[in-house]
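Work through the exercises below with the sequence and the coordinates open beside you, and try each task before reading its solution.

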Amino acid sequence: MAEKIIMMTEQRADTDRAPAIPAQLETPTGLLSDRLARPLHDLRISVTDRCNFRCVYCMPKAVFDNNYQYLPHTSLLSFEEITRLARLFVDHGVEKLRITGGEPLLRKNIERLIGMLAELKTISGKPLDLTLTTNASLLARKAQSLKDAGLQRVTVSLDALDNDTFRRMNDVDFSVDDVLKGIDVAHQVGLGPIKINMVVKGGMNDQEIVPMARHFRGSPYILRFIEYMDVGASNGWKLDEVIPSAEVVRRISAEMPLQPVAANYTGETASRWRYADGSGEIGVISSVTQAFCADCTRARLSTEGKLYTCLFATSGHDLRALLRAGRSDAEISSALAQLWRARGDRYSELRTSQTEAFKRERSANKVEMSYIGG
Ligand code: SAM
Ligand code: SF4
Ligand code: SF4
């Protein structure tokens with residue numbers, strides 16, 4: 001294990017370079033598009049690489065143990081740095097910001113950052129879609145202050161309703177009731193519509209698919225099932241542990257018939273299904289069995305300010321270096337434009353067609369979800 005930890009730390013230090021500043025600076029138009037004609041619409045911001053859970057598919061205990069080297073505080077982007085970068089992204093057309101981690105509610109004074117981001121406006125002068133993904137461990141306590149700061153809604157991760165199964169998934173003995181309480185408080189203070197994300201890992205929590213659907217059917221919450229992904233280098237992912245979304249829909253439909261619903265907008269990651277009796281809808285996110293790279297408009301900003309143009313990238317672009325070298329807004333903005341135009345990532349589409357050797361080489365170098373932000 002020690003070998004693995006050293007490898008990941010070195011990877012962060014060595015391969016990620018500060019992006020070049022183009023000779024010709026440009027004014028952002030909000031109309032950037034990449035090599036596959038994909039616009040830049042969403043920015044996910046990881047505010048901490050730490051978490052109080054040890055979900056088996058994300059931060060397994062065997063790797064993220066007491067010896068794991070988390071980033072020192074000085075490496076993290078400050079709230080001012082995050083807000084400045086977010087503004088530059090918004091000038092390039094970003095309309096949606098998602099705060100994530102690690103566990104974002106562990107970042108001290110996170111409400112202050114929310115307040116700063118809530119002030120930003122899209123290029124057409126509208127408020128941004130500002131949301132946050134959380135394991136809900138601190139949500140009951142923080143929901144009101146997050147709402148007051150300007151957060152619009154939250155997405156909550158919950159992998160089972162059965163306590164023993166949930167505890168096996170989070171591996172820190174956290175109970176389902178506490179998550180459900182966090183969800184209810186968030187709903188009461190108006191942080192909705194709330195989405196509930198369940199990562200399905202075959203042989204661990206797939207028996208919870210139907211009970212979860214039953215529980216949230218007819219509730220104000222939208223349940224979404226996520227295929228277990230080969231993200232990062234430490235979860236020991238195997239294809240046969242992925243339960244395809246088609247199977248999730250089949251199992252639920254056998255008891256509660258479902259019908260497909262048209263997407264809300266291009267690039268929506270979840271395919272929507274509604275209960276035939278009108279009692280609500282679910283979503284399925286088929287990152288493995290039905291890649292949606294062609295519509296992927298997301299950029300990710302890591303905890304220490306590296307830009308990743310794909311969840312499965314093996315290196316990032318060091319924007320913090322530009323910020324701390326005193327580069328101007330125009331310089332950083334032009335560098336961002338150049339990076340997005342060069343983007344050709346489509347890992348999930350390639351995953352199915354590449355050789356085993358390619359996949360092995362990739363999986364040794366991929367960054368962790370907790371660092372890059374889910
Ligand atoms: N800690 C917060 C949480 O769990 O909601 C935010 C960060 S977490 C990395 C963001 C999302 O990524 C969660 O919904 C989590 O379930 C999902 N995730 C993490 N590892 C995953 C994997 N290997 N496959 C699919 N989803 C994963
Ligand atoms: Fe923590 Fe979220 Fe990863 Fe679970 S999925 S270990 S809660 S960051
Ligand atoms: Fe986007 Fe990369 Fe995921 Fe494809 S694999 S959907 S490009 S993040």
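The exercises that follow deal with two ligand sites, a cavity and a loop residue. The model is predicted, so that local features need pLDDT of at least 70 and side-chain atom pairs count only at pLDDT 80 or more, while totals for chains, interfaces and linings use all residues. Residues are numbered from 1 along each chain as its sequence is written, chains are lettered from A and ligands numbered from 1 in the order in which they are written, and side-chain values use heavy atoms, with hydrogens and water left out.

**Exercise 1.** Describe the surroundings of ligand 1, from its shell to its polar atom pairs.

Solution. Begin with the shell, in which a residue is counted if one of its heavy atoms lies within 4 Å of the ligand. This gives 20 residues around ligand 1, the closest being Tyr 57, Gly 102, Ser 157, Val 199 and Met 229. Next, divide them by class: eight are nonpolar, 10 polar and two charged. Here Ala, Val, Leu, Ile, Met, Phe, Trp, Tyr, Cys and Pro count as nonpolar, Asp, Glu, Lys and Arg as charged, and the others, Gly among them, as polar.

Then turn to individual atoms. A nitrogen atom of ligand 1 lies 3.0 Å from a backbone N or O atom of Gly 102, and a nitrogen atom of the ligand lies 3.2 Å from a polar side-chain atom of Glu 103. For Thr 134, a backbone N or O atom is found 3.3 Å from an oxygen atom of ligand 1.

**Exercise 2.** Which residues surround ligand 3, and how do they divide by class?

Solution. The residues around ligand 3 are Phe 292, Cys 293, Cys 296, Arg 300, Cys 310, Leu 311, Phe 312, Asp 345, Tyr 347 and Ser 348. Sorting this shell by class gives seven nonpolar, one polar and two charged residues.

**Exercise 3.** Which residues does Ser 279 touch, not counting residues up to four places away in sequence?

Solution. With contact taken as heavy atoms within 4.5 Å, Ser 279 touches Arg 217 and Gly 218 under that exclusion.

**Exercise 4.** Identify the residues that line the second largest cavity, and state their classes.

Solution. The lining consists of Leu 32, Leu 40, Phe 89, Leu 307, Leu 336 and Trp 340. By class, this lining has six nonpolar, no polar and no charged residues. A cavity is a set of points, on a 1 Å grid over the protein atoms alone, where a 1.4 Å probe fits but cannot get out, and lining residues have an atom within 4 Å of a point.

Note on methods: Polar contact = N/O pair within 3.5 Å; in protein donor to acceptor, adjacent residues only side chain to side chain. 1 Å grid on protein atoms, 1.4 Å probe; cavity = no way out; pocket = protein on both sides within 12 Å on 5 of 7 lines; lining within 4 Å.
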